Amino acid sequence: MDAVQLARLQFAFTIGFHILWPTLTIGLAWFVTWLSALWWRTGNTVYRDLMRFWLRIFALGFGMGVITGIVLSYEIGTNWAGFSRSVSNVIGPMFLYETLTAFFLEAGFIGIMLFGEGRVSRGAHFFACLMVATGALFSATWIIAANSWMQTPAGAVADADGIFHVVDWWQAVFTVSFPYRLAHMVCASFVTGSFVVAGVSAFHLWRGTHPAASRTAFSMAMWMALILTPTQILLGDMQGRNTMDNQPVKLAAMEGLWDTTKGPAMTVIAWPDMSEQKNLYSIDIPHLASLYLTHSWDGEVKGLKTVQPSEQPNVPVVFFAFRIMAGIGVLLLATAVAGLVLRLRGRLFSARWFHFLAMGTTPLGFVAVIAGWTVTEAGRQPWIVYGHLRTADAVAPVTAGAVTTSLLIFFIVYNLLLAAFVWFAARAAIKGPADSAPPSAEHPGLDRTNVRNLASSYTSSPSRQPVGGAGHAGA
Amino acid sequence: MIAQLLAEHVPLLFAAVAVFCVTVYVLADGLDLGVGILFLAAPRDEDRDLMMASIEPVWDGNETWLVAGGTLLLAAFPAGYYVLLPAFYLPIVFMLFALIFRGVAFGFRLQAKRFRLVWDLAFAGGSLLATFCQGLILGGLINGVPVENGMFSGGPFSFLSILGVLCGVGLVGGYALIGAGWLIWKTTDFTQIFAREIAHAALILTTAMMALVSAWSAWSVPEVAERWFTLPNLLFLAPIPIITAGVILAIWRGLWGTWDPRTFLLSLVLFALGLVGLIVSLWPYVVPRSITVWDGASDPQTLHFISYGLFIILPIVLAYQAHAYWVFRGKTVHHAGGYGGGEAQP
């Protein structure tokens, strides 16, 4: 492999690893904020216990997000000096504003959010949570603005040396694809967060541990999922049509459409063969793609062959990544609807098969996010700034050896990190929220489990906690 | 006329902001990297718990200044970003790896039982390596960076120099001094006594390395010698080393003093003086000895756009970061919650 491919591989790996954490923490930050508000206003200890529990998992994910994010802010210079040189006038301020408005806001209040309970009032704790959650959204906004500019550049002109100069900031920040991308990504994060909360709560419902807290969290998560999954599919459809207008080649790769067609069929599955420039073994549903893309029976959709094969992205990658993302979307929608049916029948907290299913959906949001980013980033190739700057012209003057070394270390380190995160997060999740809630009068039969848990966590805690201060947190 | 004046002075203003960000980063992250450097030297596990707890609420905010520095460089002085980052490829990526290890140690150490030593090593080793890499970069900057056609033209190891190694060792000593000062301020009893004792060693190391780095760079880099040792510069610049010597003496005499913040605050002053000396040596370059502040600045309209952020948002950021320190003021006690450290029980 040459330095370009290595640099691409390294960036894809590090940014793909990074996006997992914002995806988790944007959703969880708002969930914790919501719990903090409920605890502040109602004084119901179930909300406090849930808040503390999810804060613990949020904190692990947040730390991972910070450190893997710092890597990216420097990697753009170390590996993509040509890109930085060409677009710094446009992209640089967006990154700077992300730091100023988002990272500092998060960093300024994360300490109070995680450790401030007891030092500040409940209202102030809620405010700190709100600031961190808002910071996470600001961060997504700026980074999506920068990415959207790379996809649908506007408001800037390149000079003879290939350096972009901004002529209109409004156009450069609010490009045509920006609102769709932002909505789709933020919604993806909320959906993922919902299914993480649902999965962990379902685990405790399934085991019969922490019933009060698990029921509350499971119910909240399934309501969120019911609202968000259809919204997300709708947003995805809107972004798809936006892509058709602005990046027709990417859309054609997503659909596996080679020739410009009137009333194209939807290709359910196929093997897109780039050398023959056609699909092998394809299963098509006539006119369906035309219906959801153009909202008409015989609308025209541009195909891949409108450009030279050298100008096409890697079609199978985009094609299959898109199917993984869309398939997961449908699966999550089905889960949310099944949850509604069970709830209406009063079986949401007792249907064990459904709890098992909900546990299975926990990682799916992350898979869909990675697949979705693969579609949009691989689909932009061979361009790094669509239509203006080629990826091959954007790399830094560093040797392939240096990039290989760092790529290998990144690969090892990140896998170790992931293993450590999964280990600690799973342990925290399995332990569950503390049962400080008084046994609910509605479900007297569950008291026994409650007591057993309390007893076991009480006896085990001194050995686990060398720090003595933990016990008086609740006092 | 006015346009010319602006073109001359606007980059200077942004250079001042960039220097400010670097200063805040070095002082703020210096304290928590310093605590990390001293981590394994502490005699007891209780000390380590307390040391980590003292920086837990603020380390993330401190490290954000590193991102601020990087993004400000990209936005205001892109030449610095796309020339310097490839030039220091290896020390930068190893600094990032090191920061990763020490960063996750915050989250994982308190949760670990059997493998606690692993996270202790990750935290201390990460802090040490990150600091040393920063020193290598510093030394490389003083030496200058090879540039052709506006891009970096050296090899992967052209950053490496004796001066860089000296700077690396000096920075380790300096951060350890700040960290020890922080611990004197934020802890009591045995941990505080440990901090006072180790501060002696850190101060000796810092003083020796500051002298060595100054002498070595004056001897090996003619531009630096010319800057400092020609008249009338010599007269104007003479107060810097004199004040520095005074501050070092003041730290030494106050290590066992009754006012706990003293060592910390004075070591910040010492670092600030070191930075002033560095700026004197490197001025007016973004990429030392090839690209100046004026040549390396980005478009006027880009500078105009980011000025709102820098002159309106940055002061607000400073205010609430100060507030975060204020919330956790006073001596550190062990706390519950957060990174899975505390077990909330009724």
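**Notebook: a predicted two-chain model**

With 8 C-beta neighbours inside 10 Å, A:Tyr281 counts as exposed. I started there since its backbone caught my eye: A:Tyr281 is not a glycine, yet has a positive phi of about 50°. I placed A:Tyr281 in strand E5 (residues 278-285) of chain A. This is a predicted model, and I read every value below in that light.

**Another positive phi**

I went on to A:His287, also not a glycine, where phi is positive at about 65°. A:His287 sits in the loop between E5 and H9 of chain A. Is A:His287 buried, exposed or in between? I counted 16 other C-beta atoms within 10 Å, so A:His287 is partly exposed; burial would take 20 or more.

**Helix H8 of chain A**

Next I looked up H8(A), residues 248-255. Seven of its eight residues are buried, so the rest of the structure largely encloses this helix. My list of the buried ones reads A:Val249, A:Lys250, A:Leu251, A:Ala252, A:Ala253, A:Met254 and A:Glu255. I noted that A:Lys250 and A:Glu255 are on that list. What do the buried residues of H8(A) pack against? I found helix H7 (211-246), strand E4 (266-273), helix H9 (288-294), helix H10 (315-344) and helix H12 (364-378), of chain A. Just past the end of H8(A), A:Gly256 has a positive phi of about 65°.

**Cis peptides**

I checked omega next. In chain A, the bond joining A:Gln381 and A:Pro382 is cis, with omega about 5°. A:Pro382 belongs to the loop between H12 and strand E7 (383-385) of chain A. In chain B, I have a cis bond from B:Trp283 to B:Pro284, omega near 0°. B:Pro284 is in the loop between helix H12 (262-282) and strand E3 (285-287) of chain B.

**Where the chains meet**

I then turned to the interface. 72 residues of chain A contact 69 residues of chain B. On the chain A side, the elements giving two or more residues are H2, helix H3 (81-115), strand E2 (164-166), helix H13 (400-431) and helix H14 (447-464). H3(A) gives the largest share, 22 residues. By class I get 41 nonpolar, 23 polar and eight charged residues for this side of chain A.

For one helix pair across the chains, I took H2(A), residues 45-78, and H5(B), residues 89-108. Their axes come within 9 Å and cross at roughly 175°. An angle over 145 degrees counts as roughly antiparallel, and H2(A) and H5(B) are therefore roughly antiparallel to each other. From H2(A), I listed A:Ala59, A:Leu60, A:Gly63, A:Met64, A:Val66, A:Ile67, A:Ile70, A:Val71, A:Tyr74 and A:Thr78 in this contact. H5(B) brings B:Tyr89, B:Ile92, B:Val93, B:Leu96, B:Leu99, B:Ile100, B:Gly103, B:Val104, B:Phe106 and B:Gly107. This contact has 16 nonpolar, four polar and no charged residues.

**The nonpolar core**

How many residues make up the largest nonpolar core? I read 262, and those touching the most other members are A:Val32, A:Trp54, A:Val132, A:Ala225, B:Ala76, B:Leu96 and B:Ala180. H3(A) supplies the largest share of this core, 21 residues. B:Leu96 turned up earlier too, in the contact of H5(B) with H2(A). I followed A:Val32 further: leaving out residues up to four places away in sequence, A:Val32 touches A:Met51, A:Trp54, A:Leu55, A:Phe58 and A:Cys129.

**B:Met209**

I picked out B:Met209, in helix H8 (residues 189-220) of chain B. B:Met209 has 21 other C-beta atoms within 10 Å and is therefore buried. Beyond four places in sequence, I find B:Met209 in contact with B:Leu166, B:Val169, B:Gly170 and B:Gly173. B:Met209 and B:Gly173 are 36 residues apart in sequence, with 8.2 Å between their C-alpha atoms.

**How far I trust it**

Last, I looked at confidence. The model scores ipTM 0.79 and pTM 0.80. For chain B, the mean pLDDT is 85, and 95% of the residues reach 70 or more. Where is confidence in chain B lowest, and where highest? I found the lowest in strand E2 (residues 151-152) of chain B, at a mean of 78, and the highest in helix H7 (residues 162-186) of chain B, at 93. Over residues 336-346 of chain B, pLDDT stays under 50, although the model has 51 contacts there beyond four places in sequence. Where pLDDT is low, the predicted coordinates should not be read in detail.

Notes. Residues are numbered from 1 along each chain as its sequence is written. Chains are lettered from A and ligands numbered from 1 in the order in which they are written. This is a predicted model: local features need pLDDT of at least 70, side-chain atom pairs count only at pLDDT 80 or more; totals for chains, interfaces and linings use all residues. Axes are lines fitted to C-alpha atoms, for helices over the stretch in contact, and angles run from 0 to 180 degrees between N-to-C directions. Helices (H or I, at least four residues) and strands (E, at least two) are DSSP runs, numbered from the N terminus. Angles under 35 degrees count as roughly parallel, over 145 as roughly antiparallel, 65 to 115 as roughly perpendicular and the rest as oblique. Two residues are in contact if their C-beta atoms, placed from the backbone, lie within 7 Å. Ala, Val, Leu, Ile, Met, Phe, Trp, Tyr, Cys and Pro count as nonpolar, Asp, Glu, Lys and Arg as charged, and the others, Gly among them, as polar. A residue is buried if 20 or more other C-beta atoms lie within 10 Å of its own, exposed if 12 or fewer, and partly exposed in between; C-beta atoms are placed from the backbone. pLDDT is the predictor's confidence in each residue, from 0 to 100. A nonpolar core is a set of buried Ala, Val, Leu, Ile, Met, Phe, Trp, Tyr and Cys residues joined through C-beta atoms within 7 Å.
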